[in-house]
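Biologist: I'd like to learn how to read a structure like this one. Could we go through it together?

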Amino acid sequence: MTVDVILPCLNEEAALGWVLGRMPDGYRPVVVDNGSTDRSAEIARELGAHVVHEPRRGFGAACHAGLLASTADVVCFMDADASLDPRRLPTVAAPVIGGEADLVLGARRPRAAGAWPWHARLGNAVLARTLRRRAGVMLHDLGPMRVARRGRLLELALTDRRFGYPLEMVLRAVAAGWRIAEVDVDYPPRAGRSKVTGTVRGTLRAVADMRRVMGRRSWVPRSFGPPLGRNAARLPGRRFGGRPKVDRD
């Protein structure tokens, strides 16, 4: 079985060799160049990746372009900056391939000091806690490594093309009644400074995009009632592997 791995990419020439070199057998990289000014696209192509060009800037724009360009039944998303190890993809994908879950996210576990800056970790924790309260899905990280079936993702009709894309995916999956799970993944230091988590300004911009998506009512299923209503605990997430799931609230 072939699984497509969508890698949104903006000036990641220093990291692509490591990322593509660790791609597991059967996992086909789809590198989406989002306007790089370095040799990212050229390097990716030389290393055997399928390269897609998305001129519209935005994390969501790159992710969705990769989704449209992919052809496999199961697709993965992950960053191209070497902050996540592609060798973890089979573990994250296994519940989807095995029919145990519809969407699986990699819950990041930092393995070195500075791998996850405090401001990015705090912003992620606040969003995850809000998501647990409003949507009733027990996730602790809105991480960039995730796996689902391509056809079902397209049915979600995602519209955000900025940093709100990953959150919109989860919210619409909740509304559609998907089984959502987490798998622990190592989070080593990235190559170079992140465009998002590397600065407080970048983190605040990402959080603002996600709060905007969270504020929409279009994703809320009718059975849930108001976003903060008592019915918001109907779709608890599951964790596969790693430490036992503990609700940190």
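Modeller: Sure, and let's start with a word we'll need: two residues are in contact when heavy atoms lie within 4.5 Å. Keep in mind that this is a predicted model.

Biologist: Okay, let's try that on a helix. What do the buried residues of H3 pack against?

Modeller: Buried means under 20% relative accessible area. Helix H3 covers residues 59-69, and eight of its 11 residues are buried. Those are Gly60, Ala61, Ala62, Cys63, His64, Ala65, Gly66 and Leu67. They pack against strands S1 (3-9), S2 (27-33), S3 (50-53) and S4 (74-77), plus helices H6 (150-155) and H7 (165-175).

Biologist: H7 came up there. How many of its residues are buried?

Modeller: In H7, 10 of the 11 residues are buried. The run goes Tyr165, Pro166, Leu167, Glu168, Met169, Val170, Leu171, Arg172, Ala173 and Val174. After H7 comes glycine 177, with a positive phi near 80°.

Biologist: Now for helix H4. Which of its residues are buried, and why do they end up on the same side?

Modeller: H4 spans residues 89-97, and its buried residues are Leu89, Val92, Ala93, Pro95 and Val96. They cover an arc of only 150° around the axis, so they sit on the same side of H4. Their cover includes S1, S2, S4, S5, S6 and S7. H4 also has a glycine after it: glycine 99, whose phi is positive, near 80°.

Biologist: S5 is in that list. Why is S5 described as largely enclosed?

Modeller: Strand S5 takes in residues 103-110, and seven of its eight residues are buried, so the rest of the structure largely encloses it.

Biologist: And which way do its partner strands run, parallel or antiparallel?

Modeller: With S6 (residues 146-149), S5 runs antiparallel, joined by three bridges. There, leucine 105 stands opposite arginine 146. With S7 (residues 180-187), S5 runs parallel, and eight bridges join the two. In that pairing, arginine 109 faces aspartate 186.

Biologist: Last thing: where does pLDDT stay under 50?

Modeller: pLDDT is the predictor's confidence in each residue, from 0 to 100. Here the mean is 80, and 71% of the residues reach 70 or more. It stays under 50 over residues 221-238, where the model has 40 contacts beyond four places in sequence. Residues 240-249 also stay under 50, with 24 such contacts. Where pLDDT is low, the predicted coordinates should not be read in detail.

Terms used
Residues are numbered from 1 along each chain as its sequence is written. This is a predicted model: local features need pLDDT of at least 70, side-chain atom pairs count only at pLDDT 80 or more; totals for chains, interfaces and linings use all residues. Side-chain values use heavy atoms; hydrogens and water are left out. Buried means under 20% relative accessible area, exposed over 50%, partly exposed in between (1.4 Å probe, protein chains only). Helices (H or I, at least four residues) and strands (E, at least two) are DSSP runs, numbered from the N terminus. Two strands pair if DSSP finds at least two bridges between them. The arc is that of the directions from the helix axis to the C-beta atoms.
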